[in-house]
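Colleague: Thanks for making time for this one. Could you walk me through the model, beginning with how its chains meet?

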Amino acid sequence: MSSLKPLVFDIVRGSCVDGPGLRSVVFLKGCPLRCVWCHNPESYEVTPDLLFDAERCRKCGNCLEGRPCFPGARRVVGQYYPPSELIELLLRDRLYYEQSGGGVTFSGGEPTLFMHYLEKILPCLQAEGIDVALQTSGYFPFIPFASRLLPFINRIAFDLKLIDADLHLAYTGVSNDLIKANLTALVSCDVELSVRVPLVPELTATRSNLDGIALFLRQLGIEGCEFMAYNPSGLSKWKQLDRTPPVPLPEEPMTRAELERWCAYFESRGTHAAKA
Amino acid sequence: MRRLFRRIFRPVRTAREQLLKDLRQEMLEILARGGNLDGLMTVALKALRLILLIDRDLRRNIRDFNARYSFICLDGNLAVSVSFKRSRFLRQPVMEVHDEAIDNTNITVTFADTRTMAEFVMSESPDIFAGILDNKLALDGNLNYILKFIYLVRHVPKRMGIEPISCPA
Amino acid sequence: MGFSIQDIRPQLAKFTRDNMSETLPLLAELLTRHHKARTAVDVERARYITAYMKKPDSRDEPIQIKRAKAVKNYLSNRKVHFHDDNRLGGATTAHELGAPVYPEFFGLGIWPELEFISERKANPQFLSTQDAKTLNYDVFPWWLERTISEQVRKKDSESQALVEKMILMTISKAATISHTTPDYGRVVKQGINKIIANSREQEAACGSDTTKINFYKSIRISMQGILDYSANIAVQAQKRADEISDSAPQHINRRSNLLEIARICSKVPAEPAASYHEAVTALWICQVAVMAENSNMAINPGRIDQILYPFFRNDIESGRLTVAEALEITGCLWLKLADNVNLVPEAAERLFGGAGAVPAITLGGIDADGRDAVNELTYLMLKVTELLPIRDPNVNARYLSGTNPVEYRDEVSRVILSTKAIPAFFNDEQNIRALEEQAETLEHARDYAVVGCVELGSAGRDYSASSSIFMMLHTVLYMALHNGRTPVTGDKSLGPETGEPADLPDIEAFWSAFEAQYAWLADKAVHLNNLYGKAHQENLPTPLLSSLFHGPMESGRDLIFGGAVYNSSGVTHIGFADVCDSINAIEDVCFSNNRMMHMPLADLVAAVDADFEGYDDLWHYVRNRAPKYGTEHKVAIRNSQRMIRNNFECFDGKRNYRGGNYRVAYWTMTNHAGYGRVAGALPNGRKAKVVFSSGITPASQVDTSLTSALNDVARLDSRHIPGAYALNMKYSSLEGESAATKRFSDVIESYFRSGGQQVQFNIQDYHTLIDAKATPDEYEDLLVRVSGYSAYFNSLNSAMQDELITRSQYDLMGNGKFVKLDPPLKSFKSLSKAGGAK
Ligand code: SF4
């Protein structure tokens, strides 16, 4: 667990795709996983990252002389918000949350890395009556999480990526034991739980993986999950970070038809899947 | 009697047409030279004066019309004016062209440069608003008179068969 | 047997644009005709008015009488035309789609192009050779010395010269007496005969006051004009009907339609209406009559779902009217309201083209007692709006959270999504409060109607002249940064000498300069507006319009002399967002301890004047990093609020020539694009000749989010914006009707509860609009919102098209982020040139 100042790499407001209603989404930087298909690779590290967007570079040479890059081709991502400032910003849209049944979503990276930070924020949001959602990889120590954060969270979107332990280790860098245990534990907690499965062609979107996930969910008594179809929007970020993804990733988004096929397949395994 | 008139006036008319042709030539030369367009305004006004003498329909526009206009160009210090009145001799309304500014005008138009001035008389659709906004043209007086004048002067390129100058909109 | 009024809504659901040709064939046909109609210049009015004014025996008449008689001369003698099978008699002009010439105002503007206007490239307006001759020889020469602008210039040429500079302000009174909502309810309910009788009684009671006597006389003369016109329609309709002898079914229809028109027009508007059809006809004929006297700009039918409701309800309940018929009659009114456009001279076209006549209809909201005013006719009119997505009328929906039903808000949202543009949404809570602050009584404020684009005024009580003044904020800024000089006055200071940039040591000093220049311009504008108002009083009294208002009849005073209950004038602003952001940039770069980019104000001004040539770093900095309005940046919030407060306070306390207030507003029609195209660069990084942002809308392509943009607008104190504003939002196409409608509707509710006054939408993607510009033929009827009203995309000039394209687009169904125009402005510009036919 990091005791560093948590950095935010993006705040999106008015989102309709990160939980019910209109939501503000806070993306925290830093993640214990290293999913090879990550579409926010700038969220890997807890420290600031330098992004370079070649298309915006005017070749003015400022950066070489240690001066600021005014065109914004070279920019540092990762900004610290003192809790009070972040709360103030999140509360600005409260009327929108109330009207639409929305709220605030914490995402990442892995937001649970920053319990000491979130525990200053979540209670305030709860006191203001704001619905709080968490998007997590499921990789966190359960006991502190359950005592320090869970009481202030209304809903959790829990990622389940690969059911096979070896593949999980190979493609995300960590074992899925903890993740599976956490999901199992959360089922009996007082929180609205939804499971999300990223569909990455040939990596997670395979019959055997989905068979396994379906089975696991059934065992837990979870009725269904949400599929997140692969889209290549992360590729440009890899480029801007001047890194290459460890495995080659498709350039095209997963088609609607393909997604439908996987949904149907999943249904045929007796578990429901929603399309995100 | 009528025949007598015709005999006197036919040569006059031919002479006017000839003069118009000369003006056309002069105009084409100025245009071909490019660059410096001073002189074009005066030629165009002289042409309009002739056209008004020749064209009875167009002349109807200046019946009972005693307006006075001055056109001043700042670069080159050019000034030219026109006035309309009834000619006692011809017993018809005429337009006069003066090579200087006159007073008691209904409106005075000041151009920043000869190009704008040339466009004003020779373009398909002189855009006085654009001229004002680009700080190339200033008006002092009754705007309605300039509207009427543009109506008249638009006949010049048409009548002389000269391609209007295109206006950079 | 009739049916219960509650049955209306389920019935309405059956009518769609797709099945219109079967369910409402007449409307389908009229709509096709409307889209095909070409604009023609209408000279009939100008001819009759001028002929009367020229008459030797009219010379000595008091102007009140003379003006009434001139207008009557037109109304009583104009020809009656039936261009189509519309069920309402009467038309604004002699043409299917006419642009009337008002020589009193700017009609002479088309003089230069009388022989070309039919063929000009941009929005040609057809003019026959014969009509051109009429204007050239019979009409225009008489007005040479008599137009309103000329009358003002004769009195104060120095002030008039300021208007003619064009970059400081515009004074709309040179072009129009309009922008107001008459009380048509009185004609519909009481009839014109009653107005005539009233004027007689009032005259008898007013002793020997000749001004009053003349006023009451002038009312009767005008009213007689309307009666003559209506009677002529009846006679001609009868004649036409009689000529139809064969019995083909469509001819039988046509015949019975004409007979019905004849019957109705021989009764109304003289007598009170007794049916929905009669009431709609009476209203329409009065609307035509008002435009015979005053220019066809923003003459507003107003709250017609309230005025017409009793007739509608009665007819429905008694079974005299079916829903289909009600839709048809209402649709006929919509199409009639769209039968005229403004006459636009070519030179003006390049700057401001594409405007309709903007008759505004206001639906919903609350009544004078504060009760929910949404009724079944409101829903029916929303349906008509959905079925007929046409430029005019300008339909507006009022909404009061908590009082109006949520299903109404949802229905308006659905219609906006369906038409992709109309209606506009107005928040009763803020707007009523704003009007109360303007000393309107609560009851009167609650009965407000939208005027023209977005302005507010108590219906039938407020002669609002709401478009009186346009203040150019970018010029004020320029003057503040140049010691009072303007871009067109060379070295001379026109405004007060508030100091060269080097003399302004801090942001307060800059603000003082800005405020001083603004105050100077405001004084000039008010002086000029009042001069124009006096010129109106001396030349163009409005007896006809006065008789359709609360106030003049009782006081014996014409509207133009302050006879109405309220007598406001409007002051709107161009360049709000760009100028706010410029001030933010000035504060940030010159007057804060900003280490990344700091320079003295004089250097910044030099850079801006050089259009940022050679100042690349600065340009990128102010564009990308300086605080922006719409992002909830502290500095930007403070400056936007200060601007709003300053402008309001400057006009607060000033009085117009009728004794009324000046109401500050922020809407721009298409002027922000036209004036942007001729304005120099600004400190916010907007380069020279680029369009400004519209109305109150945050600058395009600034990194806002949906909610931050809405919050920054909602934060502005509505009491400082009593004339209201136009906020333009653009959404990516929305799919999935009911989810989209709910989300859309939720956003509006939240925005209104945060304090927003108005919002209007375009549901269009960048690429659709770019494509429409490049291939106009494939987008013939594409309807868009400019800043305050609707227009056909194709009829807009290239500048305005660009502004619409570049407006920030938000992804309401996705993550709510603003979607950047990609490729950005630059590369897109070359595209626009290639595609720009105009
Ligand atoms: S400063 Fe920015 S724009 Fe200039 S060369 Fe460096 S990265 Fe490129």
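Modeller: Happy to, and please keep in mind that this is a predicted model. Let's begin with the contact between chain C and chain B, which takes 31 residues from chain C and 26 residues from chain B.

Colleague: What area is buried between chain C and chain B?

Modeller: The size of an interface is often given as the accessible area lost when the parts come together. Here carbon and sulfur atoms give 55% of that area. The area buried between chain C and chain B comes to about 2600 Å².

Colleague: Which side chains meet in a salt bridge of 3.3 Å, N to O?

Modeller: Between chain C and chain B the count is two salt bridges. The one with an N to O distance of 3.3 Å joins the side chains of C:E115 and B:K158.

Colleague: And which element gives the largest share of the side of chain C that touches chain B?

Modeller: Polar contacts there come to 15 residue pairs, with both residues at pLDDT 80 or more. On chain C's side, α6 (129–143), α7 (148–155) and α17 (346–352) each supply at least two residues. That side divides into 17 nonpolar, three polar and 11 charged residues. Its largest share, five residues, comes from α17(C).

Colleague: Of the two pairs of chains in contact, which shares the most contacts?

Modeller: We can set aside chain A and chain B, since no contact joins them and their closest C-alpha atoms lie 31 Å apart. Of the two pairs that are in contact, the one sharing the most contacts is chains A and C.

Colleague: Let's go inside. Which strand of chain C gives the most to the lining of the second largest cavity?

Modeller: A search of the whole structure finds seven cavities of 30 Å³ or more, and the second largest has a volume of about 90 Å³. Of the 13 residues lining that cavity, the closest to its centre are C:T697, C:P698, C:N728, C:S808 and C:Y810. The lining divides into six nonpolar, five polar and two charged residues. With three residues, the strand that gives the most is β12 (residues 728–731).

Colleague: One last residue, C:Q701: which backbone oxygen lies 2.7 Å from a polar atom of its side chain?

Modeller: C:Q701 is found in the loop between α30 (671–676) and α31 (706–714) of chain C. Beyond four places in sequence, its contacts include C:R807, C:S808 and C:F818. Its side chain also makes a polar contact of 3.0 Å with the side chain of C:Y766. The backbone oxygen at 2.7 Å belongs to C:T806.

Terms used
Residues numbered from 1 in each chain as written. Chains lettered and ligands numbered in written order. Predicted model: local features only at pLDDT ≥ 70, side-chain atom pairs only at ≥ 80, totals over all residues. Heavy atoms only, no water. 1 Å grid on protein atoms, 1.4 Å probe; cavity = no way out; pocket = protein on both sides within 12 Å on 5 of 7 lines; lining within 4 Å. Points joined across faces, edges and corners; volume = space filled by probe spheres on them. Helix = DSSP H or I, 4+ residues; strand = E, 2+ residues; numbered from the N terminus. Nonpolar A, V, L, I, M, F, W, Y, C, P; charged D, E, K, R; others polar. Contact = heavy atoms within 4.5 Å. Buried area = accessible area lost by both parts, 1.4 Å probe. Salt bridge = Lys/Arg side-chain N within 4 Å of Asp/Glu carboxyl O. Polar contact = N/O pair within 3.5 Å; in protein donor to acceptor, adjacent residues only side chain to side chain.
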